[in-house]
Amino acid sequence: MSFEELEHTADLRLRVRGATLDEIFAEAGRAIFQVMYGCCKDRGVERRIEVEAESLDSLLFDYLSELLFITDVENVVFCTFDVNIQGTRLTAVLRGEPLDPARHSGGTLIKGVSYSGLEIRRDEEGYVVEIILDV
Amino acid sequence: MLAGINRVGDLEWEVPIGYVPGMRVPGRFFLSASLAGTLEEGAVRQLANVATMPGIVKYSLAMPDIHWGYGFPIGGVAAFDMTEGVISPGGVGFDINCGVRLITTPLTESDLAGKRRELIERLFAAIPTGVGAKSTLRISNKDLSRVMVEGARWAVERGFGTEADLARCEAEGAMSGADPDAVSSKARQRGVPQLGTLGAGNHFLEVQAVREILDPATAETFGLKEGQVCFMVHCGSRGLGHQVATDHLRTLEAALSKYRIHLPDRQLACAPIDSPEGRGYYGGMVCAANYAWANRQVIMHEARNVFAKMFGLDYDEMRLVYDVAHNVAKFERHEVDGRPVEVCVHRKGATRAFGPKAPEIPHEYAGVGQPVIIPGSMGTPSYLLCGTTTAMQKTWGSTCHGAGRVLSRSKVKKEVLGKEVREQLAGEGILVRAHSDAAIAEEAPQAYKPSQEVVRVVHVLGLSAIVARLEPLGVIKG
């Protein structure tokens with residue numbers, strides 16, 4: 001499970017890898033929170049979400065968009081993502097802490113998830129996807 | 001220049017049909033030799049992708065601050081036929097009606113001597129900035145519905161500004177056609193606590209001095225004098241706009257097969273302008289655009305109060321020059337093959353630049369064209385220009401919107417430290433206040449094209465004409 005930042009002039013382009021679909025979704029979630037807030041600790045905040053879409057790519061779009069929505073309205077930062085995918089339906093348990101401006105304001109605000117090039121692929125190491133995020 | 005692109009003028013380039021499969025019209029962009037080195041192949045491909053969209057009229061265009069984004073390139077402009085054409089969130093972006101306003105004060109630089117640090121600190125304290133910032137305003141869901149319909153007027157009626165401000169906003173600070181029912185409950189939840197907040201990223205409030213007047217008569221019309229202190233606000237529709245864009249992008253993407261639209265990039269997801277999905281996006285986008293005008297109005301009000309208290313100014317002495325949107329889609333009348341027709345113009349990182357006598361611009365500016373405000377990057381000059389007849393003929397009345405990035409955020413953070421940037425700018429007399437040095441590093445001047453060159457290109461081409469140059473004195477950032 002890993003993510004790396006790829007070159008993109010104006011926005012943020014991430015490549016996320018995982019051995020399984022559950023892993024790649026969990027890692028993508030971790031990646032966007034890392035970008036937005038830097039450090040995060042599990043301090044007892046827990047949230048459960050369910051997302052359903054018509055395809056895996058759209059499921060990833062909806063799931064990441066849901067994470068952006070939750071952090072914006074609930075002022076929470078997540079660090080662990082326990083994701084379970086059945087077909088094109090996802091349940092996830094998110095754990096983290098309340099947003100603390102003193103510790104969490106060193107990152108980059110993400111405005112939205114782009115559909116540009118959003119395609120989950122399989123390769124010899126597992127699953128990989130590139131995501132362009134508007135920052 | 002990249003392969004496959006033809007030069008059609010000194011500063012004008014054409015991307016021929018066939019550059020990507022399915023192009024309906026050629027692409028055109030404007031760039032000088034010195035800016036050409038920064039052009040990414042990805043940006044040109046995105047310009048060409050836009051040319052495949054149904055009902056596009058004449059050209060897929062990009063301004064000299066063109067760079068690689070998602071969907072449309074940043075700096076992209078395209079007009080669509082009202083019957084055959086489409087509307088797309090990918091041609092507007094997530095930050096609907098991100099825009100800029102410029103306000104003059106009666107102060108000169110010398111009035112700020114010894115007080116600049118205090119001024120910047122007071123502005124930083126008065127205006128919520130950064131990730132997670134929440135407004136001190138308490139508005140209800142009912143208020144939000146009115147904000148989305150009435151835009152800046154809602155703010156003025158509650159004492160955040162004056163009636164005169166409204167005339168000096170693009171669309172008088174509120175586009176018609178808002179449909180609050182097209183705004184989800186999620187978008188509303190994000191919008192309620194964020195009205196009057198600056199946001200993060202490249203958004204800012206900057207105190208500036210008018211350093212050079214290049215067109216004295218027009219500068220006088222716009223109310224600018226050399227040496228005068230001004231301030232500029234750059235921000236958009238915050239979480240509400242991001243959510244409206246996300247929700248409708250999803251709906252339009254799912255409807256592509258229904259309308260048999262085939263696109264090279266799903267981020268260009270679109271629907272016929274007069275379809276339920278197209279009307280839904282437009283109505284929601286207008287709500288977000290109007291929210292953004294109210295947002296900039298509230299922020300300007302807070303800044304005016306800071307200046308008024310610190311320097312004993314009357315509120316009315318701080319005059320709004322103009323407010324422009326640079327991420328929006330609008331129904332406008334333009335001339336096509338000698339006939340006036342209505343088209344849906346998308347501007348994504350491009351500024352409207354309507355020329356003299358355009359009925360949409362304030363009466364007091366009718367003789368010179370609308371003010372065009374081009375913010376520089378942090379530490380570099382900003383410019384005030386005016387719209388032109390040439391822009392009406394060549395670019396659907398559009399021009400550039402800023403400097404345009406050349407370095408990614410990750411690259412610039414590897415090259416510079418925020419603390420160094422802050423100290424270097426302070427050495428040049430520019431105070432920067434942000435929540436973190438990392439936010440400063442990302443927006444370091446070296447991450448951007450030189451604003452001088454981008455503005456020179458639009459001026460030489462006649463897409464807008466330089467009126468004045470403003471230099472930064474201090475800036476607050478998200």
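**View 1. B:W13 of strand 2 stands opposite B:F29 in strand 3 of chain B.** In this predicted model, the two strands that carry these residues, strand 2 (12–15) and strand 3 (27–30) of chain B, pair in the antiparallel sense over four bridges. On its other side, strand 2 of chain B is joined by two bridges to strand 1 of chain B, again with antiparallel direction, and B:N6 stands opposite B:E14 there. Strand 1 and strand 2 of chain B form a hairpin, with four residues between them. In a regular strand, the side chains alternate between the two faces of the sheet. In strand 2 of chain B, B:E12 and B:E14 point one way while B:W13 and B:V15 point the other way, and all of these residues are buried.

**View 2. An open sheet of seven strands in chain B, with mixed pairing.** The strands follow the order 1-2-3-4-5-13-12, and the edges are formed by strand 1 (6–7) and strand 12 (327–336) of chain B, each of which pairs on one side only. Within this sheet, strand 4 (residues 60–70) and strand 5 (residues 72–81) of chain B run antiparallel and are joined by four bridges, and B:L61 stands opposite B:V77 of strand 5. Helix 2 (residues 41–50) of chain B lies across strand 2, strand 3, strand 4 and strand 5 of that chain, and runs at about 115° to strand 4.

**View 3. The packing of helix 3 against helix 10 in chain B.** Helix 3 (residues 116–126) and helix 10 (residues 276–311) of chain B pack at an angle of about 140°, and their axes are 10 Å apart. Helix 3 of chain B is therefore oblique to helix 10 of chain B, and the crossing of these two helices is right-handed. From helix 3 of chain B, the residues B:E118, B:L119, B:R122, B:L123 and B:A126 meet a set in helix 10 of chain B that consists of B:E302, B:A303, B:V306, B:F307, B:K309, B:M310 and B:F311. Sorted by class, this contact between helix 3 and helix 10 of chain B has eight nonpolar and four charged residues, and no polar ones.

**View 4. B:R238 and B:K357, two residues of chain B with positive phi.** Most residues other than glycine have a negative phi. For B:R238, however, phi is near 55°, and this residue lies in helix 9 (residues 238–255) of chain B. B:R238 counts as buried because its relative accessibility is 6%, under the 20% cut-off. B:K357, also not a glycine, has a positive phi of about 70° and is found in the loop between strand 14 (351–352) and strand 15 (371–374) of chain B. With a relative accessible area of 71%, B:K357 is exposed.

**View 5. An open antiparallel sheet of three strands in chain A.** The strands are arranged in the order 3-5-4, with strand 3 (45–52) and strand 4 (76–86) of chain A as the edge strands, each pairing on one side only. Neighbouring strands of this sheet are turned by 20° against each other on average, direction ignored. Strand 3 and strand 5 (residues 89–98) of chain A pair in the antiparallel sense over eight bridges, and A:E46 stands opposite A:R95 of strand 5. Helix 1 (residues 21–37) of chain A packs on the sheet, where it touches strand 4 and strand 5 of chain A, and its direction makes about 165° with that of strand 4. Helix 2 (residues 56–74) of chain A lies across strand 3, strand 4 and strand 5 of chain A, running at about 145° to strand 3.

Technical notes
Residues are numbered from 1 along each chain as its sequence is written. Chains are lettered from A and ligands numbered from 1 in the order in which they are written. This is a predicted model: local features need pLDDT of at least 70, side-chain atom pairs count only at pLDDT 80 or more; totals for chains, interfaces and linings use all residues. Side-chain values use heavy atoms; hydrogens and water are left out. Axes are lines fitted to C-alpha atoms, for helices over the stretch in contact, and angles run from 0 to 180 degrees between N-to-C directions. Angles under 35 degrees count as roughly parallel, over 145 as roughly antiparallel, 65 to 115 as roughly perpendicular and the rest as oblique. A crossing is left-handed if the near helix is turned anticlockwise from the far one by less than a right angle, and right-handed if clockwise. Contact means heavy atoms within 4.5 Å. Ala, Val, Leu, Ile, Met, Phe, Trp, Tyr, Cys and Pro count as nonpolar, Asp, Glu, Lys and Arg as charged, and the others, Gly among them, as polar. Two strands pair if DSSP finds at least two bridges between them. Buried means under 20% relative accessible area, exposed over 50%, partly exposed in between (1.4 Å probe, protein chains only).
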